[in-house]
Amino acid sequence: MTASATLLPAVVRPAVEDRGWLSSDHCAGPVLDLLGALGWAVVDTPEANVHATSPDGRVYVGWLPEDPAAWKRGIVWQVRVQPTEGDPWVQEFGPYTPAEAVAGFLTALIATPSR
C-alpha cells in the first residue's frame, strides 16, 4: 500500500540558525547564570576557572578552561556529587559540550533532589 504525499505528515526541520547552541561556543554563561540565580556560591580564579558549590555543599561544579590537568583528561566541566546516602559520583563534560547541555543536566539534577 502506498500513501499519497498529501496524506503524509510534513517533515519539520528547524532552520540551521535555530540550532546554533548545538555547537559549543566555549562560554560558561548559561551554567553560571543558572547557578547564580539559585544562590550557589560561585568563585572565579585569576586563571579564569570558576568553582561553584550548592547551598547545601553536596554538589560542586567546576568550569575549568585553564586547568592543565582537566585539559589533559579532555574535560572542561566537572560535576561532583556527594549524596546524603550512597557513594559520591562525578560527571565530566568535554570542551565541545555546549554549556546549554551542561545547564540542562544540572537543571535535571537539581529538580530531583531526592535521587
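Two strands pair if DSSP finds at least two bridges between them. Keep that in mind as you click around, and remember that this is a predicted model.

**Stop 1: the paired strands**

Start by selecting strand 4, residues 77-81. Is this strand mostly covered or mostly open? Mostly covered: four of its five residues are buried.

Now bring up strand 3, residues 59-63. Strand 3 and strand 4 pair in the antiparallel sense, with five bridges between them. For one spot to zoom in on, pick Gly 62, which sits opposite Gln 78 of strand 4.

Next, add strand 5, residues 89-93. Strands 4 and 5 also run antiparallel, and five bridges join them. Here, try Val 79, which has Gln 91 of strand 5 standing opposite.

While the strands are on screen, here's a handy bit of background: in a regular strand, side chains alternate between the two faces of the sheet.

**Stop 2: the rings**

How many aromatic pairs does the structure hold? Three. Go to Trp 63 and Trp 77 for a tilted one, with 4.7 Å from centre to centre and 45 degrees between the planes. Trp 63 belongs to strand 3 and Trp 77 to strand 4, so this pair ties together parts that are 14 residues apart in sequence. Check the surface too: Trp 63 counts as buried because its relative accessibility is 10%, and the cut-off is under 20%. Trp 77 is buried as well, at 1%.

Now move over to Trp 89 and Phe 105, an edge-to-face pair. Their centres are 6.4 Å apart and their planes stand at 90 degrees. Trp 89 is in strand 5, while Phe 105 is in helix 3 (residues 99-111), so the pair ties together parts 16 residues apart in sequence. Trp 89 is partly exposed at 33% relative accessibility, and Phe 105 is partly exposed at 26%. Add Phe 93 to your selection: ring pairs link Trp 89, Phe 93 and Phe 105 into a cluster.

Before leaving the rings, select Tyr 60 and Arg 80. What lies over the face of Tyr 60? Arg 80 does, at 4.1 Å from the ring centre.

**Stop 3: the loop around Ser 54**

Head for the loop between strand 2 (50-53) and strand 3, and click on Ser 54. Is Ser 54 buried or exposed? Buried, with a relative accessible area of 7%. Leaving aside neighbours within four places in sequence, Ser 54 is in contact with Trp 40 and Val 59, so show those two side chains as well.

Then look at Asp 56. The side chains of Ser 54 and Asp 56 are joined by a polar contact of 2.6 Å. Asp 56 also makes a salt bridge with Arg 58, where the closest N and O atoms are 3.0 Å apart. Asp 56 is partly exposed, with a relative accessible area of 46%, and Arg 58 is partly exposed at 28%.

**Stop 4: the other salt bridge**

A search of the whole structure finds two salt bridges. You've seen one, between Asp 56 and Arg 58; for the other, select Arg 73 and Glu 92, whose side chains meet at 2.4 Å, N to O. Arg 73 lies in helix 2 (residues 68-73) and Glu 92 in strand 5, so the pair ties together parts that are 19 residues apart in sequence. Arg 73 is partly exposed, with a relative accessible area of 47%, and Glu 92 is partly exposed at 29%.

Terms used:
Residues numbered from 1 in each chain as written. Predicted model: local features only at pLDDT ≥ 70, side-chain atom pairs only at ≥ 80, totals over all residues. Heavy atoms only, no water. Helix = DSSP H or I, 4+ residues; strand = E, 2+ residues; numbered from the N terminus. Buried < 20%, exposed > 50% of the residue type's maximum accessible area, 1.4 Å probe, protein only. Polar contact = N/O pair within 3.5 Å; in protein donor to acceptor, adjacent residues only side chain to side chain. Contact = heavy atoms within 4.5 Å. Phe/Tyr/Trp six-rings, centres within 6.5 Å; stacked < 30°, edge-to-face > 60°. Lys NZ or Arg CZ within 6 Å of the ring centre and 35° of its normal. Salt bridge = Lys/Arg side-chain N within 4 Å of Asp/Glu carboxyl O.
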